[in-house]
Amino acid sequence: MKLYFQYSPYGSSNVFLLGCDETGDAILVDPAEFTVNLLRFIEKNGYYVRTVLVTHNHKHHIRGIATLMKIYEARIYASKAMICDFPSTVVRDGDRFDLCRGLDAEVLSVPGHSSDSLAFRIGKLVFTGDTLQAGLIGSTISKYGNALLRRSISQKILNLADDTILLPGHGPPSTVGAEKRFNLGFDDEAKKNRTRKYDLFL
Amino acid sequence: MFPFNACVERDCDRNSVSGFDRCARHMADPRVAAAGISEILLSTTNVKDLNLAGLEIVGQDLSARAFYGCSFMGSTLRNIAFTGSTFRMCFLDFSILQSCDFSKSDIQFCSFAGCAFTDCAFENSELVHNNFNGARIEECTFNSSNLYNSRFIRSEVTRTEFRDCDVKRAYFLFDLEKDVSFKFSNTQEAIRNVDQAYL
């Protein structure tokens with residue numbers, strides 16, 4: 001399995017590509033953009049995009065799907081039935097599905113930033129979308145959302161092994177061990193310093 | 001990305017070191033693994049998918065190398081020259097780095113969270129999209145480097161220079177700074193309060 005990262009200036013988002021060398025299947029996570037460079041890279045490595053994982057239905061994480069679907073017949077996994085006007089396979093918390101030979105994904109429902117927010121765990125990689133970034137948690141629009149998000153992160157992500165790798169929708173990567181110790185979202189002093197507590201992100 | 005082969009020791013959830021069936025903590029003598037991996041590092045310029053978490057490597061010239069998808073988590077690196085090296089998607093969380101030279105390096109999308117840096121040089125480097133959260137940084141230099149979108153949340157920075165750096169969208173939140181210089185750097189474009197982080 002190979003993992004590649006592309007920074008998308010559109011929304012300062014992270015796009016991830018997982019490539020299975022045995023089968024040539026590729027999995028795209030949150031395609032904010034589908035650029036010519038990304039297409040060239042996929043073709044150069046002999047991959048075919050069969051799967052798209054959508055952590056949540058915000059435009060700066062899915063806009064590339066419209067272009068992508070003109071080129072590849074990919075199956076979209078999300079918690080909404082339609083993504084960018086394409087039908088998706090609706091997944092729920094705890095679902096597991098095969099990605100390619102010997103590789104499966106587990107769905108973690110982590111609502112709070114948006115009601116449909118998911119994280120995908122593939123082995124020791126977790127694609128967290130906007131729920132959890134290095135040092136920060138996702139923004140929410142209510143106190144309830146904030147509490148819900150913190151609880152979901154604690155129960156479903158921070159309970160994983162410390163060396164589990166977190167690949168967020170924005171910003172640099174991290175690990176569970178680092179987030180347990182340094183994330184400001186679980187720091188009451190940091191919360192006090194914030195004046196606009198529940199803004200939407202971007 | 002480095003393989004996630006579990007350590008064979010019962011109840012251990014760490015990954016085994018590349019080429020071995022155990023993690024560094026459960027090896028009879030991790031120095032044997034460190035010596036073997038040092039040989040690999042010295043013999044190649046493109047280092048891919050290697051897991052050397054928890055090992056101690058001392059006094060090597062690893063300059064002008066490219067590291068892709070490697071794990072150095074919890075490692076100790078002393079007196080290592082990484083000058084002119086490339087790092088992509090590498091994880092060095094909670095490592096100890098002493099007297100390491102990363103000058104003229106290109107380091108992107110890597111995590112150094114919780115690291116303890118002493119006497120390390122990152123001058124004239126591309127340090128874009130990296131995680132330095134919770135790092136203890138003492139007597140280091142980042143002069144003339146690009147730190148765009150890197151994060152120093154809750155880090156402790158002492159006697160360190162960030163002169164003439166691009167710190168646009170670099171997060172310095174709840175960090176402790178003592179004898180730190182940002183002379184000639186665009187500090188007004190750095191993220192200094194939590195509200196800015198969500199804009």
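Me: Before the details, when do two strands count as paired here?
Reply: Two strands pair if DSSP finds at least two bridges between them. This is a predicted model, so that criterion is applied to predicted coordinates.

Me: OK. What stands opposite B:I137?
Reply: B:V157, in β11 of chain B, stands opposite B:I137.

Me: And how many bridges join β10 to β11 in chain B?
Reply: There are 3 bridges between β10 (residues 136-138) and β11 (residues 156-161) of chain B. The two strands run parallel.

Me: What sheet is that part of, and in what order do the strands come?
Reply: An open sheet of 7 strands in chain B, with parallel pairing. The order is β2-β4-β6-β8-β10-β11-β12. At the edges are β2 (56-61) and β12 (176-181) of chain B, each of which pairs on one side only. On average, neighbouring strands of this sheet are turned by 10° against each other, direction ignored.

Me: How many helices and strands does chain B have overall?
Reply: Chain B has 2 helices and 12 strands. Read from the N terminus, chain B starts with a helix, runs through the strands and ends with a helix.

Me: Any odd backbone angles? What is phi at B:N79?
Reply: Phi of B:N79 is near 50°, a positive value in a residue other than glycine. B:N79 lies in strand β4 (residues 76-81) of chain B.

Me: Where is B:F174, and what about its phi?
Reply: B:F174 lies in the loop between β11 and β12 of chain B. Its phi is positive too, about 50°, although B:F174 is not a glycine.

Me: Why does B:F174 count as partly exposed?
Reply: Because B:F174 has 19 C-beta neighbours inside 10 Å, and a residue is buried if 20 or more lie within that distance. B:N79 is also partly exposed, with 14 other C-beta atoms within 10 Å.

Me: Switching to chain A. Is A:F34 buried or exposed?
Reply: A:F34 is buried, since 25 other C-beta atoms lie within 10 Å. It sits in the loop between β3 (25-29) and α1 (36-44) of chain A.

Me: Which residues does A:F34 touch, leaving out those up to four places away in sequence?
Reply: A:L39, A:G64, A:T67 and A:L68. A:F34 and A:I65 are 31 residues apart in sequence, with 7.2 Å between their C-alpha atoms.

Me: Back to chain B. What is the radius of gyration?
Reply: It is 17 Å for chain B, which agrees with the value near 16 Å for a compact globule of 199 residues. The C-alpha trace of chain B spans about 50 × 35 × 25 Å along its principal axes.

Me: What share of chain B is buried?
Reply: 52% of the 199 residues of chain B count as buried.

How values were computed. Residues are numbered from 1 along each chain as its sequence is written. Chains are lettered from A and ligands numbered from 1 in the order in which they are written. This is a predicted model: local features need pLDDT of at least 70, side-chain atom pairs count only at pLDDT 80 or more; totals for chains, interfaces and linings use all residues. Helices (H or I, at least four residues) and strands (E, at least two) are DSSP runs, numbered from the N terminus. Axes are lines fitted to C-alpha atoms, for helices over the stretch in contact, and angles run from 0 to 180 degrees between N-to-C directions. The radius of gyration is taken over C-alpha atoms; the globule rule is 2.2 Å times the number of residues to the power 0.38. A residue is buried if 20 or more other C-beta atoms lie within 10 Å of its own, exposed if 12 or fewer, and partly exposed in between; C-beta atoms are placed from the backbone. Two residues are in contact if their C-beta atoms, placed from the backbone, lie within 7 Å.
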